[in-house]
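Biologist: I'm new to reading protein models. Could you pick one part of this one and walk me through it slowly, then show me what surrounds it?

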Amino acid sequence: MTVTNTLFADAMTRLDDALKHVSISADAIERLKFPKASLTVSIPVRMDDGSLQVFQGYRVRYDDTRGPTKGGVRFHPSVNLDEVQSLAFWMTFKCAALNIPFGGAKGGITVDPKALSKLELERLSRAYIDAIADFIGPNVDIPAPDVYTTPTIMGWMMDQYSIIRRQLSPDVVTGKPIALGGSLGRDTATATGAFYTIETLLPKLKLNRHETTVAIQGFGNAGSYLARLLFDAGYRVVAVSDSKGGIYDAKGLDIPSVQKFRALHHHIEAVYCEGTVCNITNGQTSITNEELLELDVDILIPAALENQIVAANADRVRAKYVFEVANGPVSSAADRILNARGVLVVPDILVNAGGVTVSYFEWLQNRGGLYWSLEDVDRRLKRNTIDETNKIWQVASDLKIPMRTAAYVHALRRLGEALEAKGTRNYFVG
Ligand code: NAD
């Protein structure tokens, strides 16, 4: 496979690693090297001051052999086609690893959403759907939230698609507000799935909740809810951070009050640095994101963006276990360094799959017109997450391979079977 210096090339090395341990047809491998379709669009938006600004938008459908493609939409200044394609590739393997009957997709707009007014954000979200409406659909490709996109934005997107099609189409987008057909439990699903994965592996790793220290980078949808679940279960969450920086307390942070302050002040440092200098309260100190990644903790949870642990800092990671809640936070070069040092990395395609699992439940509820209780959602999410985590752990133990490679092997077996069911060289020639 051609290796160039892109995120996608790095992502493909994970496929190469897994292919050494699984026997699937050459046809299936060839199919999985390329996205099914990629769309780049220009999105003109009338700004509040009357000027016209054109944004770049993307949607990539990677593979739909196992079902309609599924994946979030990211609003971020660094969004580009390489990133969107990589995220779509990961979604394909995530859905297969968790046995969700969807293929993988992803979308994004290169924009700093914090610089837009609410009305500009709505016009941009609706204009994105205008631009990609023929590329998506309830049986084709179903968007969802990702970094800096919210249930409100998903509601606008669903509404815009329904206006274009002239029929209500709640099943075209997931992660919607409950009042517009969202699922109970979707807002906390990624964190809840990650929590069940951690809890399933805890006894295998011979850890005990009350003696387990945790540091979390990223305090958004996924990171903040997970911090709370871990705190409530008795784990010692000693550090959390957001884009502006973080806080640390060796005795453990009081996560409910961090959440409260974050909601009030919009960044974490305000918790202990508000109106005065930092480092003044009971041993809590402010730390940078880089320092957080290097803390001496049992579990490190990157829950922000990709490429946070790379060759340059992997040697300095002191955690024994890394649970990837963000997509792609550990580069393949860093993976090799961490593996060699005996640090166990539990991969994104398993750890953060709670989001797409409950998105699948939301889609099912929209199609059935029958809505589930929070208990039903949680019971099904818990069962599926625990089952697939145990299966991936078993693959890793049987083949003596890292958890990431095991998750890809597990996914590849399902993808390979589906691709081969369409007919392979052997069927047509041999
Ligand atoms: P979010 O927008 O709610 O939160 C992102 C958080 O990361 C914020 O706290 C932000 O301040 C912080 N952040 C941004 N840049 C940072 C930096 N350079 N250093 C440290 N922190 C930084 O996003 P989210 O939905 O929580 O997504 C976070 C990660 O989880 C992403 O990689 C996303 O792809 C992944 N993920 C999210 C979901 C979901 O359902 N929300 C599902 C699967 C995977």
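Modeller: Sure, let's start with a pair of strands. Strand β3, residues 69–76, pairs with β4 in the parallel sense, and six bridges hold the pairing. Keep in mind as we go that this is a predicted model. To get from one of these strands to the other, the chain leaves β3, passes through α3 and comes into β4, a β-α-β crossover that is right-handed.

Let's zoom in on one residue here. Lys 70 is found in strand β3, and the residue standing opposite in β4 is Gly 104. Is Lys 70 buried or exposed? Lys 70 has a relative accessible area of 1%, and anything under 20% counts as buried, so Lys 70 is buried. For a sense of distance, take Gly 368: Lys 70 and Gly 368 are 298 residues apart along the chain, and their C-alpha atoms are separated by 18 Å.

Now look at the other partners. Strand β3 also runs parallel to β5, joined by five bridges. In that pairing, Val 73 stands opposite Pro 145 of β5. Strand β5 covers residues 141–145, and four of its five residues are buried, so this strand is mostly covered.

Strand β4 has another partner too, namely β2, residues 52–63. This time the two strands run antiparallel, with six bridges between them. One example to find on screen is Arg 59, whose bridge partner in β4 is Gly 107. How many of the eight residues of strand β4 are buried? Seven of them are, so β4 (residues 103–110) is largely enclosed by the rest of the structure.

Before the chain reaches β4, there's a loop worth a pause. Asn 99 sits in the loop between α3 and β4. Its phi is near 60°, which is a positive value in a residue other than glycine. That catches the eye because most residues other than glycine have a negative phi. Asn 99 counts as partly exposed, at 39% relative accessibility. Lys 206 also has a phi near 60°, again positive in a residue that isn't glycine. You'll find Lys 206 in the loop between α6 (189–201) and β6. With a relative accessible area of 72%, Lys 206 is exposed.

Next, follow the helix of that crossover into the interior. In soluble globular proteins, nonpolar side chains tend to be buried together. Here, the largest nonpolar core has 86 residues, and those with the most contacts inside it are Phe 89, Phe 93, Leu 230, Val 240, Ile 301 and Phe 323. Helix α3, residues 81–97, gives the most to this core: ten residues. The core draws at least three residues from each of domain 1 (37–180) and domain 2 (189–351). What does Phe 93 touch, leaving aside its neighbours within four places in sequence? Phe 93 is in contact with Leu 15, Leu 32, Ile 349, Tyr 408, Ala 411, Leu 412 and Leu 415. There's also a second, separate core of 27 residues, which includes Val 45, Leu 116, Tyr 128 and Tyr 161.

Another residue to click on is Leu 7, in helix α1 (residues 7–19). Leu 7 is buried, with a relative accessible area of 12%. Not counting residues up to four places away in sequence, Leu 7 touches Asp 82, Glu 83, Ser 86, Trp 90, Glu 306 and Asn 307. Take Ser 86 from that list: Leu 7 and Ser 86 are 79 residues apart in sequence, yet 6.5 Å apart in space, C-alpha to C-alpha.

Finally, let's move on to another sheet. Seven strands form an open sheet, in the order β9-β8-β7-β6-β10-β11-β12, with mixed pairing. At its edges are β9 (285–287) and β12 (344–346), each of which pairs on one side only. From one strand to the next, the twist averages 20°. Over by the β9 edge, strand β8 (residues 245–248) runs antiparallel to β9, and three bridges join the two. One bridge to look for links Tyr 248 to its partner in β9, Thr 285. Helix α7, residues 221–233, packs on this sheet and touches β6 (213–217), β7 (236–242) and β10 (299–302). The direction of α7 makes about 170° with that of β6.

Key: Residues are numbered from 1 along each chain as its sequence is written. This is a predicted model: local features need pLDDT of at least 70, side-chain atom pairs count only at pLDDT 80 or more; totals for chains, interfaces and linings use all residues. Side-chain values use heavy atoms; hydrogens and water are left out. Buried means under 20% relative accessible area, exposed over 50%, partly exposed in between (1.4 Å probe, protein chains only). Contact means heavy atoms within 4.5 Å. Two strands pair if DSSP finds at least two bridges between them. Axes are lines fitted to C-alpha atoms, for helices over the stretch in contact, and angles run from 0 to 180 degrees between N-to-C directions. A nonpolar core is a set of buried Ala, Val, Leu, Ile, Met, Phe, Trp, Tyr and Cys residues joined through side-chain atoms within 4.5 Å. Domain bounds come from an automatic or database domain assignment. A crossover is right-handed if, with the strands pointing away from the viewer, the path from the first strand over the helix to the second runs clockwise.
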